[in-house]
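Visitor: I would like a close look at a single part of this structure, with the surface and the interior taken together. Please go through it carefully and in one connected account.

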Amino acid sequence: MATDSTTGGSDLVGVRNGEHGALDKRSSFAKRVRVSIAADDRIWEALAIAAILLAAAALRLVRLSSLPPGMFTDEAVNGVNVQTILAGVPRIYYGEREPMFMYLAAFTTLLLGPGPMAIRAAAALSSLVGVAAAGALARRLFGRAVGLLTAAGLASSLWLTVLGRLGLRAITVPAVECLGFALLWRATRTGRLRDFALGGAVLGLTLYTYLSARFLPFALIAFVLLALVIDPRWTREQLPGFFVAGLAAVVVCLPLGYFALHHPEVLFGRPDQVALPGGRAFLPALIANVGRTLGMLFFHGDENWRQNYSGAPVFDPLNAVFFAIGLVVALRRLSRATLLVLVLFVVMLMPSMLSIDSPHYLRTIGSAPAIYMLWALGLVWLANAIRASGYKSAAHHALEEEETAPHPASGKKTLSRGGGGKAERTPGERATSLAFVVVAAAVVVAFARTGRTYFVDYANNPAVPDAFTANLAAAGRFLAASPIWKSDRANAYVTDLYHLNRASIAYFLYLELPAAQRASWLDDRSIGSFFSQDGAIPMPVAPSVYVVDGDGQATLDALGPAVQRTAWIQDGSRIAGRAIWAGPAPSDWFGQPLVADFGPWIELEQVLVRPTVVGLRWKIRAVPSYQPSIYVHVQDDQGHTLATADQVIGYPVADWRVGQEIVTWHPIHLPAGTAPGRYELTTGVYRKETGAREPATVGGKPVGDVDVGPLTVSTPVAGPVTVGHPVGRDLGPGLTLVGYDLGVTEVEAGTKIPVTLTWKAASQPTMNLNVVVGARTADGSLAGQWSGPVGGASYPTSRWPAGQQIRQLIDVPVSATASGTVAVVVNVNSGRTESVPSSATIGQVVIKASTHQFTAPSPTRRLDAAFAGVGTLIGFDLPGGPFVPGGQIPLTLYWKSQGSAATAYTVFVHLLDADDQVVGQRDEPPVHGTRPTTGWVADEYLRDEHDVSIAANVAPGTYRIEVGLYDPRTGKRVATGTPDNRVIIGSVQIGGAPTSARH
């Protein structure tokens with residue numbers, strides 16, 4: 001086993017002792033060429049240390065005020081924590097964040113003033129101390145050469161350069177870790193218990209640095225246990241000292257432990273969030289993580305741009321060789337010193353191995369000193385090998401001179417290296433110089449490569465500003481200087497694209513907040529009013545400023561003439577967003593007027609229809625108790641919904657002001673293959689959590705969906721058409737059925753079979769073709785049939801160019817008395833006398849026979865209200881009240897059918913106040929959509945349940961209930977012979993104790 005050295009490191013640094021002995025026997029010349037790579041002169045060592053630290057400082061401090069850009073949200077939170085310290089409110093823990101970095105950043109903030117640079121200067125200072133401390137530890141373990149190279153390795157590391165410029169607490173780990181172990185190693189030499197106590201106390205401080213430092217106690221325990229195996233005598237001698245060190249560490253950690261004992265989420269909160277999955281998934285995940293974590297050294301590193309030049313490994317191929325050599329040397333020449341390094345290397349990689357997002361350069365930072373010590377050992381071994389080869393050559397040359405030298409008695413000249421001429425350099429000297437050049441070149445190239453990668457490649461990569469939320473930081477600086485934000489933050493509107501990392505904005509606003517409001521610095525209202533810049537734009541009610549991402553064109557389009565001026569928000573030379581100043585706008589400029597009320601909350605005022613987007617302008621009438629959603633549907637002439645834009649209103653109701661207007665944008669994405677034609681746009685407001693729609697009225701009359709106008713499609717929608725079941729069969733002249741989709745595998749009798757057909761013009765059709773889709777039973781009879789133009793009436797096949805693909809939606813009506821399995825068959829014809837080329841059976845559907853009740857029910861309240869062409873409402877069940885606002889009224893209707901209707905009507909049930917305003921509503925097809933009126937059989941009875949939602953703001957009182965039927969495509973009501981084609985069936989009392997729901 002090799003011995004440990006604290007001065008020259010003779011076993012791992014200098015020329016090996018055995019080689020010196022051989023040379024001493026061969027020639028006295030060897031004594032003159034024996035040198036050491038590590039300079040014995042302390043002045044040169046001090047100069048080397050200074051050069052390394054200056055180079056490290058250059059990498060960490062140059063352009064620190066602008067690179068990295070912005071300020072990431074975690075840095076911002078640290079910055080606010082620093083401000084609380086400076087305000088005289090120190091803490092032992094900051095959420096789940098250890099405190100040491102906060103106090104160091106408080107010191108740099110005192111020196112430099114608040115701002116990102118002060119926070120990052122603390123990281124740079126920590127990184128520089130870590131470089132020096134790692135070098136000191138390596139020197140104590142292996143001697144000067146390894147100590148200097150370890151410091152150079154950490155100083156030139158791209159990994160530690162990136163983290164040394166990032167205002168996060170992880171960078172404090174190497175400094176405290178290395179200082180603690182250096183002091184502890186010194187104690188093992190002196191044997192003084194006070195030295196052990198000092199080393200243990202410093203190691204205890206590591207738990208005040210960063211989460212991964214919690215693994216250091218396990219590293220120390222593992223070292224002691226393994227040292228008992230490889231050097232039991234030494235370890236037993238040191239056990240009392242190690243015990244004192246552990247006790248000192250525990251004492252130092254007592255305040256932290258006391259706090260964690262009363263706040264266990266501090267210990268387990270973040271680890272629980274990032275831990276690998278448990279159970280059977282743990283082992284496979286761990287194995288994969290071990291490979292990824294070790295692979296970060298050579299192949300692929302952390303992909304997070306904040307922590308690395310994304311994906312770059314720790315070592316380039318050449319330096320990876322040095323590290324591998326050092327690892328082999330450490331394993332082969334196992335000593336106490338190399339054991340400590342190997343234990344730190346393995347244990348401090350485990351935080352990444354045991355967590356998600358591996359490899360993770362923050363969680364593995366505790367392994368960095370060990371990694372670069374192994375790298376330095378490998379480089380020193382290579383230098384020694386080069387020098388050793390030179391010494392062997394020198395010894396061989398000396399032997400040859402001795403063997404060929406003539407005897408002095410001969411009178412001939414002897415070979416001499418002396419004399420007045422210039423002495424020739426020996427092979428050993430040349431090898432020593434070469435070794436020095438190799439080592440120096442490796443270090444210089446490492447510094448140069450890191451400098452170029454960081455200040456050129458990394459700095460100019462467009463992913464870096466996004467990683468550091470540069471646009472949010474620029475927005476924060478802008479708002480902090482904005483008079484509008486300072487006078488009334490409600491009139492400062494901020495894009496909700498910035499909401500997730502809003503701490504990057506709020507940090508710059510923190511010092512501008514009144515002291516009483518700083519505790520809520522991260523609340524939305526401390527920043528402004530967040531809104532969806534592309535989806536829901538609140539109109540200004542007073543002079544306002546909008547902070548948007550990108551060019552904010554959707555916001556500009558919504559504000560229209562309200563815009564007063566705009567300016568780019570910049571982060572240095574980079575455009576980071578846009579500021580828009582606006583005042584109240586005219587009320588009639590936006591689009592076509594359309595007055596529709598949705599509940600008591602909101603009124604639709606104007607509509608703007610564009611080919612790919614629909615704009616709706618709303619007016620707030622009251623502030624709802626929930627965040628409403630809006631849908632916009634695109635429907636064809638058969639009532640099929642081709643596209644839906646469904647979104648929660650992206651403007652929090654907490655910021656709504658009565659009388660304020662909002663513009664919402666709804667993108668329209670029609671499926672590829674949609675034929676040209678005129679389509680209808682409808683809209684509604686509802687509660688996404690429950691699906692309950694707000695009752696809608698147009699011109700004071702209740703409606704289902706609100707028709708907001710037509711959408712004209714002039715050309716087929718381009719793009720690949722999705723086909724569930726390919727067919728590829730020619731069914732007409734120049735016409736191919738590409739494929740189909742059946743929306744169901746079974747349907748109720750009296751309903752419809754939804755079929756989607758995809759057509760292609762194999763060549764340009766010369767005539768208009770029709771399609772017939774039938775549902776045929778096993779005996780060939782029809783259970784239902786649909787016919788119409790191929791592609792729809794608005795785009796006949798004679799207009800199709802060759803290659804055109806069209807998607808067609810068809811509903812095949814099914815007889816109310818049908819049952820069993822039917823085949824869906826497609827035929828094409830031209831309406832002329834020529835024969836149909838062929839037909840295609842595209843699938844089978846099971847028709848479930850409906851259960852028909854022909855025995856008259858006994859409703860608790862009887863009626864005799866006829867609905868023309870559909871049937872009669874013969875009665876209803878209605879529990880006694882009173883009912884409560886925000887609750888439901890369980891109502892059961894009883895119908896007697898006249899027969900199958902031509903239209904599938906929707907039942908509406910409305911709760912009306914004294915002014916005929918709808919304050920509660922339920923619209924849906926009969927029997928929850930399972931018994932459409934197209935499938936009713938003559939003289940059957942149907943029990944139809946409806947839970948009618950009551951608006952939450954309804955005042956106590958008596959309210960009437962109206963019932964009716966309407967066509968959902970047109971809104972036209974079925975005639976009842978009464979005013980407004982409705983039936984008032986009774987009244988209910990709202991207010992009082994809640995009524996139990998139906999079960």
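Visitor: Which helices each supply at least two residues of the nonpolar patch?

Guide: Before anything else, please keep in mind that this is a predicted model. The helices in question are helix 5, which covers residues 100–112, and helix 6, each of them supplying at least two residues of the nonpolar patch. The patch itself lies on the surface and is formed by F107, L111, L112, M117, L125 and V129, which together have about 560 Å² of accessible area. One of these residues, F107, has its place in helix 5, and with a relative accessible area of 45% F107 is classed as partly exposed, because that class takes in values that are neither under 20% nor over 50%.

Helix 6, which runs over residues 116–142, also holds R120, and here the picture turns from the surface to the interior. R120 counts as buried because its relative accessibility is 1%, and the cut-off for that class is under 20%. If the neighbours within four places in sequence are left aside, the contacts of R120 include L64, P68, P69, G70, M71, F72 and E75, and also among them are G164, R165, L166 and G167, together with F468.

Helix 6 also takes part in enclosing empty space. The structure holds four cavities of 30 Å³ or more, and in the largest cavity there is about 60 Å³ of space. Its lining is made up of R60, S126, S127, G130, V131, L154, L160, I171, P174 and A175, and the elements that give two or more residues to this lining are helix 6 and helix 9, the latter spanning residues 172–190. Of the elements involved, helix 6 gives the most to the lining of the largest cavity, namely four residues. Helix 6 can therefore be described by three things: residues supplied to the nonpolar patch, a place for R120, which is buried at 1% relative accessibility, and four residues in the lining of the largest cavity.

For a view beyond this part, one may turn to the second largest pocket, which has a volume of about 630 Å³. This pocket is lined by 29 residues, and those lying nearest its centre are L207, P217, A249, V250 and C253. Helix 10 (193–205), helix 11 (216–230), helix 12 (232–262) and helix 13 (264–274) each supply at least two residues of the lining, while the largest share, 13 residues, comes from helix 12.

Terms used
Residues are numbered from 1 along each chain as its sequence is written. This is a predicted model: local features need pLDDT of at least 70, side-chain atom pairs count only at pLDDT 80 or more; totals for chains, interfaces and linings use all residues. Side-chain values use heavy atoms; hydrogens and water are left out. Buried means under 20% relative accessible area, exposed over 50%, partly exposed in between (1.4 Å probe, protein chains only). Contact means heavy atoms within 4.5 Å. Patches are made of residues with over 30% relative accessible area and no salt bridge: like charges are joined within 9 Å, nonpolar side chains (Val, Leu, Ile, Met, Phe, Trp, Tyr) within 5 Å. Accessible areas come from the Shrake-Rupley method with a 1.4 Å probe; for residues, only the protein chains shown count as cover. A salt bridge is a side-chain nitrogen of Lys or Arg within 4 Å of a carboxyl oxygen of Asp or Glu. On a 1 Å grid over the protein atoms alone, a cavity is a set of points where a 1.4 Å probe fits but cannot get out, and a pocket is an open set with protein on both sides within 12 Å along at least five of seven lines; lining residues have an atom within 4 Å of a point. Grid points are joined across faces, edges and corners, and a volume is the space filled by probe spheres set on the points.
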